[in-house]
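Please look first at the sequence and then at the 3D structure, turning the view until the ligand can be followed from several sides. The report below describes the ligand and the pocket around it.

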Amino acid sequence: MCFGRKAYWGSLELHIHPDASAVVRALSPDEPVILNRPQAAARAARFFVEKFPGKSLYAVKANPSPDLLAALWDAGVTHYDVASIAEVRLVRAALPEATLCFMHPVKPAGAIAEAYAVHGVRTFSLDSQEELEKIVKATNGAEDLSLCVRLRVSSEYSELSLAAKFGIDLADAAPLLQATRQVADCLGICFHVGSQAMTPFAYVQALERVRAAIVDAAVTVDIVDVGGGFPSIYPGMEPPPLEDYFGAIHRAAESLPVSYSSELWCEPGRALCAEYNSLVVKVERRRGKELYINDGAYGALFDAAHVGWRFPVKLLRDGAAEDLDGFSFFGPTCDDMDFMEGPFEIPADVKAGDYLEIGMLGAYGAAMRTAFNGFGQGAVVEVSDEPMASQYRGDRRDPRVSDNVVSLR
Ligand SMILES: *Cc1c(COP(=O)(O)O)cnc(C)c1O
């Protein structure tokens, strides 16, 4: 169905390994190895497709791997939130039939024109009068546009803020909504509560702001798009079940003054792909509680370095010590900033030559690798075991306990 899958098989070793330990036994890799779990991504996709009370757009920037795109498409995700012309081209090549929505509120005119004329994009977001004019001009006054006005909302319940850069303030929204209504076939309102939103209330509060914007502007709204921010599970961050988010969003959206045929959308990035990847790294040296490993801030561990994100870690060796200790990581480059403080909980006797599996790196991890200092060229393999934590397995402990419940199996 998707030729993207075939086109990219070349980069992926065809053999499916049972788990990370088997990968280490088979390859004894000196370079970091990315592990793909397409079955975990497909399970997340089916969950959103079946349970979100509206349409789910995958936010491609979280992980643009064509193999992942194919897995999501096969699991029923038909709409994709793209943020650059490169992402438009990439998704169009991988998934010729997908619906693409260009949801970056500040776009080059050329990107809008190409997206509209060449790639069939009809949905765009904006947060200013200038962008509205740019879209109208770049599409030659097209009359088949769905235009979503991005509203600024609070990021106070999220681990990573997206409040500063985009979104029009509620106080200024009415004229923009009215002007957009004039030229749009479908008018939408969208927002982003910030990534890894730790409570459904973040969306309820944002939807209250949507209500105020609609009432102020007195316009008919056809699309309410609650954006991304749906959380995944990391050490020390155990969010409520996603059903709670969907229920709260459904109730809040039902009571909005929107047209009877209006649509509810969401744009999950992290929640659809966090479980898709883990990473096998080698310990090159141990210095006290610091491990020198062969991936880091310029590899898949950007968030671990720059925002102190903690990831679950497993030591891939039989007979490791029972007791765990907290370790920090140094990456492979010569740069002091290539440091991940953690603490990462690892058996206390970890030593040089050991391999580690670092979990939950599918979102903003595997996609962030650079070739800085000559690193970042490692292999990609597929494994069939469970991710280290899952929102979708149906066997979670009381999810409201917010301590470190990501166990080392
Ligand atoms: C990044 C982004 C998303 C995805 O956010 P997650 O927190 O990964 O779910 C969705 N929509 C827009 C507009 C974004 O910029």
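How many Å separate an oxygen atom of the ligand from an N or O atom in the side chain of Ser195? In this predicted model, the distance between the oxygen atom of the ligand and the N or O atom in the side chain of Ser195 is 2.5 Å. Lys61 and Gly229 also have an N or O atom beside a ligand oxygen, and the table lists these contacts together with that of Ser195.

| Residue | Part of the residue with the N or O atom | Distance to an oxygen atom of the ligand |
|---|---|---|
| Lys61 | side chain | 2.8 Å |
| Ser195 | side chain | 2.5 Å |
| Gly229 | backbone | 2.8 Å |

On its own the ligand has 390 Å² of accessible area, and the protein covers 91% of it. The ligand is surrounded by 14 residues, of which the closest are Lys61, Ser195, Glu267, Arg270 and Tyr364. By class, this shell consists of 4 nonpolar, 5 polar and 5 charged residues.

The place where the ligand sits is the largest pocket, which holds about 700 Å³ of space. This pocket is lined by 28 residues, and those closest to its centre are Lys61, Leu162, Phe166, His192 and Tyr364. The lining is made up of 12 nonpolar, 8 polar and 8 charged residues. Because domain 1 (3-37 + 277-383) and domain 2 (38-273) both contribute residues to this lining, the largest pocket lies between them.

Methods: Residues are numbered from 1 along each chain as its sequence is written. This is a predicted model: local features need pLDDT of at least 70, side-chain atom pairs count only at pLDDT 80 or more; totals for chains, interfaces and linings use all residues. Side-chain values use heavy atoms; hydrogens and water are left out. A residue is near a molecule or strand if one of its heavy atoms lies within 4 Å of it. A polar contact is a pair of N or O atoms within 3.5 Å; within protein, one must be able to donate a hydrogen and the other to accept it, and residues adjacent in sequence count only if both atoms are side-chain atoms. Accessible areas come from the Shrake-Rupley method with a 1.4 Å probe; for residues, only the protein chains shown count as cover. On a 1 Å grid over the protein atoms alone, a cavity is a set of points where a 1.4 Å probe fits but cannot get out, and a pocket is an open set with protein on both sides within 12 Å along at least five of seven lines; lining residues have an atom within 4 Å of a point. A molecule sits in a cavity or pocket if more than half of its atoms lie within 2 Å of its grid points. Ala, Val, Leu, Ile, Met, Phe, Trp, Tyr, Cys and Pro count as nonpolar, Asp, Glu, Lys and Arg as charged, and the others, Gly among them, as polar. Grid points are joined across faces, edges and corners, and a volume is the space filled by probe spheres set on the points. Domain bounds come from an automatic or database domain assignment.
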